[in-house]
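User: I should like to go through the assignments made for this model and the criteria behind them. Please begin with a helix and then proceed to the cysteines and strands.

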Amino acid sequence: MPLTPRTDVLGRTVDLPELLAGLKAELHPDHEFIRTATTPWTRNHLHRMGLGADWIDVFVSMRHDNWPCWVYPRGITHRVRASADLTICVSVCDNLLTDMQRGLRPDRTAAVTDTVLRVVSGTADPGNDPLSVMTAQAWNGLTASMRPSQCRRVLAGIHDYVKGEAMADEIHRTGRRLTIEDYLPMRGYAIGARPWTAMLDHVLGVDLPDDLLDSAELCRARELAVLHSALVNDLFSFGRECREGQWPFNALGILHFHEGLSLQEATDALCELITDHERQLQDIVNTMRGGPWAGHPALNVYLEGLGHFIAGNVPYHFFSPRYGGRGHVWDGRTTSGRATFLGDRLRITP
């Protein structure tokens, strides 16, 4: 895959506003318990894969286990932990694929993707392959208590993610220029958040009928949560993706390099898109709270859960060294200020 780095933005600084307009983030009260459960599980599996100690240390330091604790702050603890295992598994695959694309590993991209799909689809036994075993444990632990319709939605989300990765690969390979209007529907696939919005009712333990969960309103609400998370990710990943040549499939890259906005103008436009997706979700929530399903006892819990999903994804990006760089420790307060795009991080100072 040809990479076209754009290092001219590295080291440049913009003013970054608050990313949440009205929603407030919460952290699951059992986040430390979840960390202590997932960390040895992760290390054991990565060791069996033959990955080096430094690779494992860096991966664990990114705290992928913490993301479900932010996006499901009121979830049932053991289900949040199970979702964390799947989050970790998918993140391992993502990091391995990135290594392959950068020439750091043999090109087994198609094999890795095929392995994950066949294991979660139940069409292949994991055998002795360490990645397949890890995937199977994560998937079976999560879905063992799911209803078939819940499992179907999550599995569809995983298939969408694989389709999205292929879309992104085609953009990088061909250099096709996208508009923001072209990009957003594609990014909804590639961000990989659809499985986690699809499992929201399961993790929260709420019982909603399938016709409500599959209604146009809730499908749109989940997609807004997915796109909000994608746009936040684009902001925090922009410097690294410029360094690695991945900027053509990034909203900030499209706004700045393709549409000709200054870096500050592009950042402002991206942040307005983020805020607009939050507003659109709140509009749907308010409409449904006054609609024909308003009397359903679990609906309000579910709608609040969608708000928590959007809100929680934001502080995770401030928190994780995946976006703040190796050794990064967030002060827990800084969520706006001066943002500098670097090749391995987004550095934000008040």
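**Assignments and their criteria**

Analyst: Helix H6 covers residues 130-143, that is 14 residues, and spans 20 Å from its first C-alpha to its last, close to the 20 Å expected at 1.5 Å a residue. The expected span is 1.5 Å times one less than the number of residues, and helices (H or I, at least four residues) and strands (E, at least two) are DSSP runs numbered from the N terminus. The model is predicted: local features need pLDDT of at least 70, side-chain atom pairs count only at pLDDT 80 or more, and totals for chains, interfaces and linings use all residues. Residues are numbered from 1 along each chain as its sequence is written, and side-chain values use heavy atoms, with hydrogens and water left out.

User: Why is Met 134 called buried?

Analyst: Buried means under 20% relative accessible area, exposed over 50%, and partly exposed in between (1.4 Å probe, protein chains only). Met 134 has 0% relative accessibility and therefore counts as buried. Met 134 lies in helix H6, where the buried residues also include Leu 131, Ala 138 and Trp 139.

User: Which residues is Met 134 in contact with, leaving aside neighbours within four places in sequence?

Analyst: With contact taken as heavy atoms within 4.5 Å, Met 134 touches Trp 41, His 45, Met 49, Ile 88, Cys 89 and Val 92.

User: How many disulfides does the rule give?

Analyst: The count is zero. Cys 89 is in none, as the nearest cysteine sulfur, that of Cys 93, is 4.9 Å away, whereas a disulfide requires a pair of cysteine sulfur atoms within 2.5 Å. Cys 89 is also buried, because its relative accessible area is 2%.

User: Why does Cys 242 form no bond with Cys 271?

Analyst: The closest cysteine sulfur to that of Cys 242 is in Cys 271, and the separation of 15 Å is too far for a bond. Cys 242 is at 0% relative accessibility, so Cys 242 counts as buried.

User: What makes S2 and S3 paired strands?

Analyst: Two strands pair if DSSP finds at least two bridges between them. Four bridges join S2 to strand S3 (residues 346-349), and the two run antiparallel, so the criterion is met. Thr 340 stands opposite Arg 347 in S3, and a hairpin of four residues connects S2 to S3.

User: Which strand is joined to S2 by four bridges and includes residues 13-16?

Analyst: That is S1, which runs antiparallel to S2. Leu 16 stands opposite Gly 337 in S2.
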